[in-house]
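Here is a brief report on one protein model. It moves from surface to contacts to overall form.

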Amino acid sequence: MSTAGHNSVAADELRLLVERIERLEEEKKGIADDIKDIYTEAKARGYVNKVLREIVRIRKQDKDARREFEGILDVYKSALGLDLI
């Protein structure tokens, strides 16, 4: 196999990989813009975006991990006199 042919194949493969990454980056930007639009709509309807983002973050968590985190958070808040209930 000649070096020139091998380099050509590698260059084509590299170009295709880069083009796939670029397409996905464009899609990612489009999705990010769509999410931003939804948060703008939510704000216009009176929702608090900071709280919505926290809800989305919480819903991504495993239920057991979330319970453990909330339990530890409650202990820390209580120790600092921040428990409001």
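Which residues make the nonpolar surface patch of about 260 Å²? Val-48, Val-51 and Ile-55 form it. This is a predicted model. Val-48 sits in a loop, the one that joins helix 1 (3-44) to helix 2 (49-60).

**Overall form**

The protein has 3 helices and 0 strands. Its pattern along the sequence is α-α-α. The radius of gyration is 24 Å, whereas a compact globule of 85 residues would come near 12 Å. The C-alpha trace spans about 75 × 35 × 20 Å along the principal axes.

Burial follows next. Of the 85 residues, 4% are buried. The exposed area is about 8,000 Å², and carbon and sulfur atoms supply 59% of that.

**Salt bridges**

Side chains of opposite charge can pair when their charged atoms come close. Here the structure holds 6 salt bridges. Among them are the following.

| Pair | Closest N to O distance |
|---|---|
| Glu-41 and Arg-45 | 3.1 Å |
| Arg-57 and Glu-54 | 2.5 Å |
| Asp-64 and Arg-67 | 3.9 Å |

Take Glu-41 and Arg-45, which meet through their side chains. Glu-41 counts as partly exposed because its relative accessibility is 42%, a value between the limits of 20% and 50%. Arg-45 counts as exposed because its relative accessibility is 61%, and the exposed class begins over 50%.

Arg-57 and Glu-54 both belong to helix 2. They lie 3 residues apart, about one turn of the helix. Are these two side chains buried, exposed or partly exposed? Arg-57 has 35% relative accessibility, so it is partly exposed. Glu-54, with a relative accessible area of 33%, is also partly exposed.

Asp-64 and Arg-67 sit in helix 3 (residues 63-79). Their spacing is 3 residues, about one turn of the helix. Both Asp-64 and Arg-67 are exposed.

**Aromatic contacts**

How many aromatic pairs does the count come to? The count is 0. A ring does take part in another kind of contact. Arg-53 places its charged end over the ring of Tyr-39, 3.9 Å from the ring centre.

**In brief**

The model shows 3 helices, a radius of gyration of 24 Å and 4% buried residues. Its contacts include 6 salt bridges and the charge of Arg-53 over the Tyr-39 ring. Its surface carries the nonpolar patch of Val-48, Val-51 and Ile-55.

How values were computed: Residues numbered from 1 in each chain as written. Predicted model: local features only at pLDDT ≥ 70, side-chain atom pairs only at ≥ 80, totals over all residues. Heavy atoms only, no water. Patch = residues over 30% accessible without salt bridge, like charges linked within 9 Å, V, L, I, M, F, W, Y side chains within 5 Å. Areas by Shrake-Rupley, 256 points an atom, 1.4 Å probe, with all protein chains shown as cover. Salt bridge = Lys/Arg side-chain N within 4 Å of Asp/Glu carboxyl O. Helix = DSSP H or I, 4+ residues; strand = E, 2+ residues; numbered from the N terminus. Phe/Tyr/Trp six-rings, centres within 6.5 Å; stacked < 30°, edge-to-face > 60°. Lys NZ or Arg CZ within 6 Å of the ring centre and 35° of its normal. Buried < 20%, exposed > 50% of the residue type's maximum accessible area, 1.4 Å probe, protein only. Rg over C-alpha atoms; globule rule 2.2 N^0.38 Å.
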